[in-house]
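Please open the model in your viewer and keep the selection panel at hand. The tour below moves from one selection to the next and says what is to be found at each stop.

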Amino acid sequence: MMEVLLVYKWSLFCGALNAAGLSILGAHLATRDRSLQSLAISQAASLGVLLGIAIWGHSHESFLSHVGPLLLGTGIAALVFQWSDRRGGVTFYLSLYIALLAFCYGAIALLPGLESHLSNAFFGDIVTISGAELWISIGTASAALAWFIVDFKAQTRDSFEIAVFGDDYPSMHSGKARFRWLSLLLLTVSIFSMGLLFTIAMLFLPTTILRGSKRQGVRRHLIAVAIAAAMGATLGLLS
């Protein structure tokens, strides 16, 4: 066990940080009724990452092969978000997710060499994270967690206002744009590093499981989901 911890200590740390950040983000997204939209946006980010790998390759030695797919994935996710926001409900976002998934397989049909990268983008491989990819992921997750802590009250107020009054409610807090961009970046980096399955699971499983617990208050719930997600990601790698 100690040998595993020593060999994969940074991978474990990276997974725990991402899991904690995603779980807090997922709690806010679930409150804002953005779960299905997040699934579609995550698939858009996966498509962008896949296209980025096709353009710049996937070499651990090239910094551009890490930054390029991340930027393209974030950009495509942002474009899809801006286009799809407020356009529909469950049926629309499910259809959008299927369409984006079809685009991914269309890219594979044109470029068969991307098939292994699509599998990696879905399932992820936390053990193989290293170099620039590792530190970009750690840095992004750390920045997201720090911002969630510092801006806790404003984010909670925004989530409440959106849940009750809708996304068009005129809030005095100007952090909605920052929340959206940080969410897109965290989702894209997590998909690129950990895979889509890990990202979606850490987004919504912790808050769904702990929603019925006896813990009261938003702060306690967010702390609980962050701890549960971090422990789950760590124990999952060690098992």
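Begin by selecting Ile41, Ser42, Ala45, Ser46, Val49 and Ile53 in helix H3, and then add Leu184, Leu187, Thr188, Ile191 and Phe192 in helix H9, since these are the residues through which H3 and H9 meet. Sorted by class, this contact comprises eight nonpolar and three polar residues, with no charged residue taking part. Please bear in mind throughout that the model is a predicted one.

With both helices still displayed, draw their axes: those of H3 and H9 approach to within 9 Å and cross at roughly 55°. Angles under 35 degrees would count as roughly parallel and those of 65 to 115 as roughly perpendicular, and H3 and H9 are therefore oblique to each other. As to handedness, the crossing in which H3 passes H9 is right-handed.

Next, keep H9 and bring in helix H10, residues 196–210, whose axis lies 7 Å from that of H9, the two helices packing at an angle of about 130°. That angle makes H9 oblique to H10. On the H9 side, select Leu187, Ser190, Ile191 and Met194, and on the H10 side Leu196, Phe198, Thr199 and Leu203, which together form the contact. Six of the residues in this contact of H9 with H10 are nonpolar and two are polar, while none is charged. Leu187 and Ile191 deserve a label in the viewer, for they belong to the contact of H9 with H3 and also to the contact of H9 with H10.

Now turn to the internal space. The structure holds two cavities of 30 Å³ or more, and the largest cavity encloses about 220 Å³. To find this largest cavity, select Leu29, Gln37, Phe81, Phe179 and Arg180, which, of the 15 residues lining it, are the closest to its centre. Helix H3 (35–56) and helix H9 (176–194) each contribute at least two residues to the lining, and H9 provides the largest share, namely six residues. If you colour the lining of the largest cavity by class, you should find seven nonpolar, three polar and five charged residues.

For the last stop, select helix H4, residues 64–84, together with helix H5, residues 90–110, whose axes come within 12 Å of each other and cross at roughly 150°. This makes H4 roughly antiparallel to H5. The crossing of H4 past H5 is right-handed. To display the contact itself, pick Val80, Trp83 and Ser84 from H4 and Phe92, Tyr93, Leu96 and Leu100 from H5. By class, this contact of H4 with H5 divides into six nonpolar residues and one polar residue, with no charged residue present.

Note on methods
Residues are numbered from 1 along each chain as its sequence is written. This is a predicted model: local features need pLDDT of at least 70, side-chain atom pairs count only at pLDDT 80 or more; totals for chains, interfaces and linings use all residues. Side-chain values use heavy atoms; hydrogens and water are left out. Axes are lines fitted to C-alpha atoms, for helices over the stretch in contact, and angles run from 0 to 180 degrees between N-to-C directions. Helices (H or I, at least four residues) and strands (E, at least two) are DSSP runs, numbered from the N terminus. Angles under 35 degrees count as roughly parallel, over 145 as roughly antiparallel, 65 to 115 as roughly perpendicular and the rest as oblique. A crossing is left-handed if the near helix is turned anticlockwise from the far one by less than a right angle, and right-handed if clockwise. Contact means heavy atoms within 4.5 Å. Ala, Val, Leu, Ile, Met, Phe, Trp, Tyr, Cys and Pro count as nonpolar, Asp, Glu, Lys and Arg as charged, and the others, Gly among them, as polar. On a 1 Å grid over the protein atoms alone, a cavity is a set of points where a 1.4 Å probe fits but cannot get out, and a pocket is an open set with protein on both sides within 12 Å along at least five of seven lines; lining residues have an atom within 4 Å of a point. Grid points are joined across faces, edges and corners, and a volume is the space filled by probe spheres set on the points.
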